[in-house]
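Work through the following exercises with the structure at hand. Each task is followed by a solution in steps.

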Amino acid sequence: MNTPSTSAQPALSRRGFLLAGAAAGGGLLVGCGGTNPSTRIGQGSDFSPTGKQVALNAWVKITPDDRVIVAVPRSEMGQGVHTGLAMLVADELDARWDQVQVEAAPIARIYSNTALLLNVSPFLPDDEGLLARLTRATLQNAGYALALQVTGGSSSLRDAWEPLRLAGAAARQQLLQAAALQLKLPVSELTLRDGVVQARAGGTPLRLGELAQAAAQLPAPRELRLKPAAERRLIGQPLPRTDVPAKVNGQAVFGLDVRPPGLVYAAITHCPVFGGALKTLDPAPALALPGVLQAFALGTQAVVVVARNSWLAQQGLLRLAPVWDEGPNAQLQSEGISARLRQAFDQEEGTRFRHEGDAEQVLAQAKTRLEAEYEVPFLAHAAMEPVNCTAQVKGGRVTVWCGSQAPSLARMKAAEVAGVDSEQVTFHVPFLGGGFGRRLESDMVEEAVAIALRTEGAPVKLTWSREEDLQHDMYRPAAVSRFSATLDAQGRPLAWRHRVAAPSIGLDTMRRLMPRLALDSPDKNHIEGAFDLPYAIPHLEVRQLRVATPVPVGSWRSVGHSYNAFFTECFLDELAHAARQDPLAYRLTLLERHPRHRAVLQAAAELGDWGQPAPAGRARGLALHESFGALCAQVAEVSLEGGRVRVHRVACALDCGTVVNPDSVDAQLQSAIVYGLSAALMGEITLKNGRVEQSNFPSYDALRLADMPVIRTRLLPSDAPPGGVGEPGTPPIAPAVANALFALTGERLRRLPLRPKA
């Protein structure tokens with residue numbers, strides 16, 4: 001399902017806990033707070049035990065046949081989160097990996113994802129001012145109160161690192177105490193290893209299933225000892241993923257696979273022009289097709305056909321000829337959006353997100369300034385599984401099956417549409433065939449429930465066509481970036497001024513999902529990766545300009561980092577070239593106070609043969625970027641084949657703190673690189689007459705197998721808590737390729753997708 005977290009003790013903030021844990025180095029002793037550890041690990045009743053299952057806390061159930069079932073409140077969309085979360089519990093519990101299973105957690109406050117909510121605070125992570133602390137506390141409390149179970153922001157393991165290990169440790173201690181009472185021995189004379197309790201002096205071992213009932217009757221532990229890194233047996237190992245067998249043998253259930261009894265099917269088409277509305281609709285042509293059950297307008301924005309199967313629903317839709325009022329945006333073009341973004345630089349100063357020294361004065365007095373403008377287009381998510389949702393409204397209750405990244409929010413929206421309380425909505429989260437931020441949205445859930453209200457109790461499966469998916473997405477924003485800089489006598493940047501004009505991701509998303517909380521305030525999503533540069537620059541100013549457009553925008557894999565890394569790492573390369581210095585050496589000089597950044601950059605350079613002659617006709621470029629608590633550096637080796645960019649090799653180094661499952665991390669890095677490379681070389685959503693021009697993969701292409709580069713990865717060892725993994729590999733690939741193309745051709749490409757003139 002979706003994700004996690006438990007609120008911290010009043011005396012110890014989550015951030016303080018993680019810092020203390022990182023500093024401890026050895027075993028970690030954690031007080032659970034009085035007699036109520038539920039603030040961290042919850043109660044067994046939270047996990048809804050059934051049959052003879054015994055829930056020891058909100059995260060762990062034991063069955064009579066010794067299976068350990070772990071609650072997973074995060075959506076599995078190919079990233080391996082079910083495996084990673086289960087590993088945290090199993091390691092502390094000392095269970096065998098082959099006895100561990102996962103189960104979707106119910107929607108409850110104990111499973112809220114506070115790590116993600118803290119990411120959206122508009123304040124810097126190290127800002128400890130009163131307003132910043134109050135804002136973080138408000139976000140955390142709001143997320144907990146609303147039970148916001150969200151999978152996104154590469155936050156799942158970061159958020160789970162504390163509560164799931166505590167849950168495993170608590171279950172272990174309770175099982176040992178139950179065994180001690182049964183054997184009449186002190187706990188110190190017992191061991192729990194590989195899922196059995198054994199007296200040190202020998203004797204018959206006790207199974208977990210034998211001890212679970214007695215363990216559940218014991219009071220929750222007041223203090224818990226978490227394993228030091230040296231004692232971990234599962235964390236850090238390349239364990240087989242829990243979801244792979246079902247995906248290989250065909251038993252895995254994705255949203256499109258859901259088939260409740262009596263199912264009918266719905267197809268939908270939306271107003272093709274942003275901001276338009278339906279004028280007239282004649283349903284008769286669709287209703288004349290045998291097997292078509294209904295044809296109707298869904299509000300003013302869409303037309304729906306319900307039929308006995310999905311093909312009939314689509315055929316019925318093709319027979320309709322709705323008349324649309326195209327509204328005020330009928331003449332909107334991509335060029336107009338670009339012009340609107342550029343106009344913002346002359347019309348407003350924007351919001352200052354970082355300010356050190358006096359960049360404006362230094363630049364005004366500089367004899368030589370370097371200036372550049374960069375641009376990126378809108379991008380669609382284009383997940384392989386099209387947007388879909390199945391819903392049923394019957395007997396005053398609502399049941400929803402949807403591959404959602406935010407089921408708690410989607411459940412709230414389903415309840416609003418059906419006019420019931422959230423408690424009357426049952427929300428099932430199957431596997432997701434790709435998310436990338438698109439399935440944080442709830443539009444498909446709202447539509448499916450609205451259609452189900454008209455199907456007289458029959459469940460209905462709504463499936464968008466690929467054309468609808470691409471032309472009615474919540475897009476990665478188009479953005480324009482402007483830089484001014486000047487260098488000191490050694491060629492280092494003395495002053496750096498950076499402004500980014502783009503629509504606000506946060507505001508647009510909140511208007512759709514939680515309109516009462518939508519404020520036009522500073523948006524860290526918009527400017528992340530631009531304001532938090534690690535490079536030593538004495539005079540630094542970064543501003544965001546929030547520019548509204550009619551095109552809906554939302555989170556796209558790595559969000560603002562996806563374009564700000566392109567802007568900053570390419571412009572830094574321009575400064576290195578102006579200073580006539582090697583791009584690697586230039587960066588290392590500016591990272592003297594950041595040893596982790598230096599280490600990951602040097603690792604990528606070594607892996608990518610930086611400094612060695614490239615094969616004939618090829619060149620290399622590099623980029624470094626920090627996002628979601630992880631540091632990622634990449635070296636790309638490229639050539640031009642018939643004027644077309646070909647990426648032959650990518651070397652990628654990552655410092656993501658403690659690595660839970662290296663195989664999953666490696667897979668996510670490769671996935672992130674392919675996703676970012678597809679966008680860098682060919683991804684672009686364009687507008688003509690208020691409509692999206694791209695309609696399917698022939699016009700919105702992705703990297704093909706024949707063009708896949710060789711990817712080599714290196715994971716740097718670290719004792720820090722886990723950082724993000726699913727997204728940090730995406731931001732550096734576009735600037736690494738762009739910088740390589742400059743090294744190859746001498747042409748500086750400042751717009752994505754990368755299209756050399758040669």
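**Exercise 1. A serine in a loop**

Task: find where Ser-442 lies, decide whether Ser-442 is buried or exposed, and list what Ser-442 touches.

Solution. The model is a predicted one.
- Step 1. Ser-442 belongs to the loop that runs between strand S19 (425–428) and helix H13 (443–452).
- Step 2. The relative accessible area of Ser-442 is 2%. Buried means under 20%, so Ser-442 is buried.
- Step 3. Not counting residues up to four places away in sequence, Ser-442 touches Ala-410, Lys-413 and Leu-513.
- Step 4. For a distance across the chain, take Ala-169: Ser-442 and Ala-169 are 273 residues apart in sequence, and their C-alpha atoms are 36 Å apart in space.

**Exercise 2. The chain as a whole**

Task: describe the secondary structure of the protein chain, then decide how its radius of gyration compares with the globule rule.

Solution.
- Step 1. The protein chain has 21 helices and 29 strands.
- Step 2. Its radius of gyration is 27 Å, and the globule rule gives 27 Å for 758 residues, so the chain is as compact as a globular protein of that length.
- Step 3. Along the principal axes, the C-alpha atoms fill a box of roughly 85 × 75 × 50 Å.
- Step 4. Of the 758 residues, 59% are buried.
- Step 5. Take the contacts between residues at least 6 apart in sequence: 77% of them join residues at least 24 apart.

**Exercise 3. Surface and charge**

Task: state how much of the accessible surface belongs to carbon and sulfur atoms, and how many side chains are positive and how many negative.

Solution.
- Step 1. The accessible surface of the protein chain is about 29500 Å², and carbon and sulfur atoms account for 52% of that surface.
- Step 2. There are 76 positive and 74 negative side chains.
- Step 3. The centres of these two sets are 2 Å apart.

**Exercise 4. Cysteines**

Task: say how many disulfides the structure has, and explain why Cys-632 and Cys-652 are not bonded.

Solution.
- Step 1. A disulfide is a covalent bond between the sulfur atoms of two cysteines.
- Step 2. A search of the whole structure gives 0 disulfides.
- Step 3. The cysteine sulfur closest to that of Cys-632 is in Cys-652, at 3.5 Å. The cut-off for a disulfide is within 2.5 Å, so this pair is too far apart for a bond.
- Step 4. Cys-632 is buried, at 0% relative accessible area. Cys-271 is also buried, at 4%.

**Exercise 5. Backbone angles and a cis bond**

Task: give the phi of Ser-48 and of Asp-609, and find which residues a cis peptide bond joins.

Solution.
- Step 1. Most residues other than glycine have a negative phi, and most peptide bonds are trans.
- Step 2. Ser-48 is not a glycine, yet its phi is positive, at about 50°. Ser-48 sits in the loop between strand S1 (28–31) and strand S2 (54–55) and is partly exposed, at 39% relative accessibility.
- Step 3. Asp-609, likewise a residue other than glycine, has a positive phi near 60°. Its loop lies between helix H19 (595–607) and strand S24 (619–627), and Asp-609 is partly exposed, with a relative accessible area of 29%.
- Step 4. The cis peptide bond joins Leu-752 and Pro-753, with omega about -5°. Pro-753 is in the segment after helix H21 (733–745).

**Exercise 6. Two alanines**

Task: place Ala-679 and Ala-651 in the secondary structure, and name contacts of Ala-679 and of Ala-651.

Solution.
- Step 1. Ala-679 is part of helix H20 (residues 662–682) and is buried, at 11% relative accessibility.
- Step 2. Beyond residues up to four places away in sequence, Ala-679 touches Leu-379, Trp-556 and Pro-753. Pro-753 is one partner in the cis peptide bond.
- Step 3. Ala-651 is part of strand S26 (residues 644–655) and is buried, at 3% relative accessibility.
- Step 4. Leaving aside neighbours within four places in sequence, the contacts of Ala-651 include Ala-604, Leu-607, Gly-608 and Arg-712.
- Step 5. The C-alpha atoms of Ala-651 and Glu-637 are 8.7 Å apart, with their positions 14 residues apart along the chain.

Methods: Residues numbered from 1 in each chain as written. Predicted model: local features only at pLDDT ≥ 70, side-chain atom pairs only at ≥ 80, totals over all residues. Heavy atoms only, no water. Helix = DSSP H or I, 4+ residues; strand = E, 2+ residues; numbered from the N terminus. Rg over C-alpha atoms; globule rule 2.2 N^0.38 Å. Buried < 20%, exposed > 50% of the residue type's maximum accessible area, 1.4 Å probe, protein only. Contact = heavy atoms within 4.5 Å. Areas by Shrake-Rupley, 256 points an atom, 1.4 Å probe, with all protein chains shown as cover. Lys, Arg positive; Asp, Glu negative; His and termini not counted. Charge placed at Lys NZ, Arg CZ, Asp CG, Glu CD.
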